[in-house]
Number of protein chains: 2
Amino acid sequence: MSDTLDVSADETALATPFLATLVRLMRAEDSYGSWEKRSDAHLLKDFILTKEQRREIPIIGDPDPDVLWRIEKFYAAVGLAIEEKAGHIASPMMKMSHEGFGRVILTVGRLVVLSKSLRDVHRWGQENLTKLAEAGTKAVDEACEMIAKFPEVADW
Amino acid sequence: MSDTLDVSADETALATPFLATLVRLMRAEDSYGSWEKRSDAHLLKDFILTKEQRREIPIIGDPDPDVLWRIEKFYAAVGLAIEEKAGHIASPMMKMSHEGFGRVILTVGRLVVLSKSLRDVHRWGQENLTKLAEAGTKAVDEACEMIAKFPEVADW
């Protein structure tokens, strides 16, 4: 953990429904129990990139497969959080070029509840847990607004 | 070309808007002009699999990349034909496992106009050009019906 992170802000962030879902999803992937003793904040540490760290990552070459895996987890958690909030399962689809740009969409029934272009994913990450929680919560809220606006398409 | 194919049926099929679009798309990929002298029917011959040919293809192992390429062209042609008919650009997204199953969706605005599960794509193909034209035309019609039903979502 970077020691510039504010511990109480982290605790508030980890208590948000979105980060709670992301932590649950990460723990579900831990087949060998190797992360059992890690704190939630430690478990999410690779989702965090400070500005300095970001600058050091080159955006040439293929993105790290671990980054792609984390982006998948992030949007899978958005999908789960949508289900908890709106009662509809949202399924993600991601299409990435090997150069680090692409698109991710989340669909519920016949409705695209979230559509996002990604670029320079080599540097994908948030500055701290608060920003990570905000990014996820915003995506969930936008998706739930779409479902509320077009319930018939979501139920299709 | 299999000589069991009926030439006049092929001509009727090639005159459908869907197959005309697919042929146009295939010719657009021909950067080296190597297909210039091929007839339209010859150009589409790999989209055709007779029952006998289908049975001979094992469904173990990774699907042939050429099959995946053809599936992409097929759905890209569906997307183009949707635009010609309904005036909306439809963008395809395909997610395939390396074992030959997956999903393809076409979206217009925030509307999923087509959603299709694919499996055993090793054996993907249609029996003849008439069936190929029918499959594409059906997908286009279904998508256009969705757009007509939910124009607001398609325009989003």
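**Exercise 1.** Find which residue follows helix H5 of chain A, and the sign of its phi.

*Solution.* Go to the end of H5(A), residues 65-86; helices here are DSSP runs of H or I with at least four residues, strands are runs of E with at least two, and both are numbered from the N terminus. Next comes Gly87(A), with a positive phi near 80°. A quick note on the ground rules: this is a predicted model, where local features need pLDDT of at least 70, side-chain atom pairs count only at pLDDT 80 or more, and totals for chains, interfaces and linings use all residues. Residues are numbered from 1 along each chain as its sequence is written, chains are lettered from A in the order written, and side-chain values use heavy atoms, with hydrogens and water left out.

**Exercise 2.** Check the span of H5(A) against its 22 residues.

*Solution.* Take 1.5 Å times one less than the number of residues. That gives 32 Å, and the end C-alpha atoms lie 31 Å apart, so the two agree.

**Exercise 3.** Work out what H5(A) packs its buried residues against.

*Solution.* Start with the buried residues (under 20% relative accessible area, 1.4 Å probe, protein chains only). Among them are Val67(A), Ile71(A), Phe74(A) and Val78(A). Then look across: the buried residues pack against helices H2 (17-28) and H6 (129-149), plus strands E1, E2 and E3 (111-118), of chain A.

**Exercise 4.** Describe how chain B relates to chain A.

*Solution.* Turn chain B by 180° with a shift of 0.0 Å along the axis, and it lies on chain A with an RMSD of 0.0 Å. The copies are therefore related as by a two-fold rotation axis. In chain B, Leu111(B) has the C-alpha nearest that axis, 2.6 Å away.

Key: Buried < 20%, exposed > 50% of the residue type's maximum accessible area, 1.4 Å probe, protein only. Contact = heavy atoms within 4.5 Å. Least-squares fit on C-alpha atoms with pLDDT ≥ 70 in both.
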